Amino acid sequence: MSATHDDHEPTEHAPGPVVLAVSKRHPRARTIQVVRPGMADTSFLAATAKGLGITLKHFARNLFLPMRKAAARSKAGAPTDVSWRNEIETVQYPEEKVTYPERFRGLHRLMLRDDGAVRCVACMCCPTVCPAHCITIIPEESDNPGIEKRPAVFEIDELRCVVCGLCVEACPCDAIRMDTGDHARPVEDRANAIETKATMMERGIRSIARQGGEGPNWRAHDHGSPSGDDEH
Amino acid sequence: MDILIAILDSAAVKWLFVVLVLVMPLASLLTWAERRQSAMMQDRLGPNRANIGPIKLKGILHFVADALKMIFKEDFIPANVHKGLFALAPILALAPVLIAFAIIPFGPTIYPHHLRTAIDPFELAQNPGSAAFADAIRMQMFSIDFGLIYYFAVLTLANYGGTIAGWASYNKWALLGGLRSSSQMMSYEVAMGLALMGAFLVTGSLEPGAIVAHGATASMSAANPFNWLWLWQPVGFVLFFTAAIAETKRAPFDIPEGEPEIIGYFVEYSGIRWGMFFLAEFIEIVFISSVIATVFFGGWQVPFLDVDGFRIGGFIDPATHVSVGGWVAPLPHWLVALLQFMAFGAKVVLLCVVQLLIRWTLPRFRADQLMNLGWKLLLPLSLANIMVTALIKLIFMGS
């Protein structure tokens, strides 16, 4: 509290209460005029009528005007003026879906090499960093003499996953991603909530990223060419 | 034919007709309409998914799904409840609101022998008991002189349902809900009854059928909207509507329920027993709408539709029984009766929608605000309304 508060007087800019009397011994103790709501306010009639008008306006508008989202869904070039349409915001979920942001973390997928093999080298970074301990990897020896290991088993329990994305951050090979834009699907059996290597590879695509440590710096090259690390 | 008319004219048949054709479908639909309408008012869609195969009907079938769910739920009775009263309470809540419909004139009197012709209104007015009009089906179960008093008496019984449910549940919150319910009912019944006394003074009758048939004054046709009591008793109408909404125990007067506070007197109920309370609440909405439509909005009267057809302006010459002046469109009796039935239904549905609108617009009153409104505003205003009405009647009508 600053000292200016003590001698504060009502001004035009900040109209305060009407002061009826000021105490001589304690100048801050003042008698102010109290405005109590009258019968017109306590009977709630005016406020009720106003409120009913607002809700009735929304009700009538949403009942009689066509859907706003129908205009948005229609083909390009449709009139963008939606002022004469209703205000319903509901998304009819299974039929309609909102577009998630680009960086939405969804269901996992395993990325592929050019030959379709899994990119993962079973380095165990992701199960190590996973705070929910939902990733299980059992490594095995790779057929490719240039690659040491690959996962024999790669399972993620989507019921335990907290969708933090640390596995994606930890991966040195761009092998695991969460950019599918999809949710973990509802299941009737807990066992069905476990994503296996096969199901996650089904969603995978070939990555253009160079595998860590091999060849020249991939950032120096053309980003658009989908060339794998095996070419170098 | 006479037997058929006698059967159709019996109170039991009429009660079944009212309950099965008017009340139950409307109350069931209201459970869906309330959720759907509240959603629309809040820029949502509301329940629109229940379907039988491809038949969706905008989700109307949700009330079927709800009813099936409630019927097949476990009939759970908590330990320590008073089993007899616990079972009795939902019935006490539901039965009175169904019985109360006995006084509602839900349609015009039908004269089966005149269905194909236009009835001579002058003839009917002069000799209502003559042989030509002896066979009549009155669309009102009990035409009793103290009809509106009967309504207050019966709906007071419905209050016992909530109070006994709260007592029998062996639950503090339920008991609080029951107490709140009874205190609210007692407070608002006073104002509600006195609000209708103005209508009694204007029409000189407490019989709803007579109020509908004669209107406020004999100088105009009862079908003239300006002869309906909303114009003659505007204050009485607002007061009665307010008190009647309080009587249904719905927002903004839902302190007996008060979901965030005490859940209410039916907190221990589940399944179809709870469903009976729920249904009773919605039937009460339909009933309040029926009473308001009957007393204040001309009941089954269609604007400007007399017993022999539409008549705007003009009058009937008593000597020749011919309309003089005005615009007249004669209609056969069956069409007139059908239009009047539909008018009553439309008025009731519209008033139900208005009640839902109020319920989803206003927040709940505090208990003290509720009592202040009831005792300090509605009661004095309704008393003043009676005085002013009586004075005006004495000065301008001299009786």
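How many helices and how many strands make up the secondary structure of chain B? Chain B comes to 13 helices and five strands, and before I go any further I should say that what we are looking at is a predicted model, so please hear everything that follows as values computed from that model.

Let me stay with chain B for its overall form. Its C-alpha atoms fill a box of roughly 75 × 55 × 45 Å, taken along the principal axes. A compact globule with 399 residues would have a radius of gyration near 21 Å, and chain B has 23 Å, which agrees. Of those 399 residues, 45% count as buried, and when we take the contacts in chain B with a separation of 6 or more, residues 24 or more positions apart account for 78% of them.

Now to one helix, α10 of chain B, which covers residues 234–247. Why is its length what we would expect? At 1.5 Å a residue, the 14 residues of this helix should span 20 Å, and the C-alpha atoms at its ends are indeed 20 Å apart. The helix is mostly covered, since 11 of its 14 residues are buried, including F237(B), L239(B), F240(B), F241(B) and I245(B), and also E247(B). What do these buried residues of α10(B) pack against? Their partners in chain B are α6 (147–168), α7 (172–203), α9 (229–232), α11 (271–296), α12 (333–359) and α13 (367–397). Just after α10(B), K249(B) takes a positive phi of about 60°.

That helix leads us to the nonpolar core. As background, in soluble globular proteins nonpolar side chains tend to be buried together. Here the largest nonpolar core has 105 residues, and the members that touch the most other members are F240(B), A243(B), A280(B), I283(B), V286(B) and I292(B). Helix α11(B) gives the most to this core, with 16 residues. Taking I283(B) as an example, and leaving aside residues up to four places away in sequence, we find that I283(B) touches V23(B), A27(B), V97(B) and L98(B). Apart from this core lies another, of 20 residues, among them L110(A), M111(A), C171(A) and M200(A).

For contrast, consider F72(B), which has its place in helix α3 (residues 62–72) of chain B. Is F72(B) buried or exposed? It counts as exposed, because F72(B) has 10 C-beta neighbours inside 10 Å, where the cut-off for exposed is 12 or fewer. The C-alpha atom of F72(B) is separated by 8.1 Å from that of I272(B), although the two residues are 200 residues apart along the chain.

The strands of chain B come next. Strand β1 (residues 305–306) pairs with strand β2 (residues 309–312) in the antiparallel sense over two bridges, with D306(B) standing opposite G309(B) in β2(B), and a hairpin of two residues joins β1(B) to β2(B). On from there, β2(B) is joined by four bridges to strand β5 (residues 327–330) of chain B, again running antiparallel, and I312(B) stands opposite W327(B) in β5(B).

Turning to chain A, we have six helices and seven strands, and from the N terminus on the elements run β-β-α-α-α-β-α-β-β-α-β-β-α. Of the 232 residues of chain A, 16% count as buried, and among contacts between residues at least 6 apart in sequence, 57% join residues at least 24 apart.

Chain A also has an open sheet of three strands, in the order β4-β5-β7, with antiparallel pairing. Strands β4 (135–141) and β7 (194–195) stand at the edges, each with a single partner strand, so one side of each is left without a neighbour in the sheet. Strand β5 (residues 149–157) pairs with β7(A) over two bridges, and D157(A) stands opposite I194(A) in β7(A).

Finally, where do the chains meet? 12 residues of chain B are in contact with 14 residues of chain A. On the side of chain B that touches chain A, the elements that give two or more residues are α2 (11–41) and α12 of chain B, and α2(B) gives the most, with three residues. The residues on this side of chain B divide into eight nonpolar, two polar and two charged. Helix α12(B) therefore appears twice in this account, since the buried residues of α10(B) pack against it and it gives residues to the side that touches chain A.

Definitions and conventions. Residues are numbered from 1 along each chain as its sequence is written. Chains are lettered from A and ligands numbered from 1 in the order in which they are written. This is a predicted model: local features need pLDDT of at least 70, side-chain atom pairs count only at pLDDT 80 or more; totals for chains, interfaces and linings use all residues. The expected span of a helix is 1.5 Å times one less than its number of residues. Two residues are in contact if their C-beta atoms, placed from the backbone, lie within 7 Å. Ala, Val, Leu, Ile, Met, Phe, Trp, Tyr, Cys and Pro count as nonpolar, Asp, Glu, Lys and Arg as charged, and the others, Gly among them, as polar. Two strands pair if DSSP finds at least two bridges between them. A nonpolar core is a set of buried Ala, Val, Leu, Ile, Met, Phe, Trp, Tyr and Cys residues joined through C-beta atoms within 7 Å. The radius of gyration is taken over C-alpha atoms; the globule rule is 2.2 Å times the number of residues to the power 0.38.
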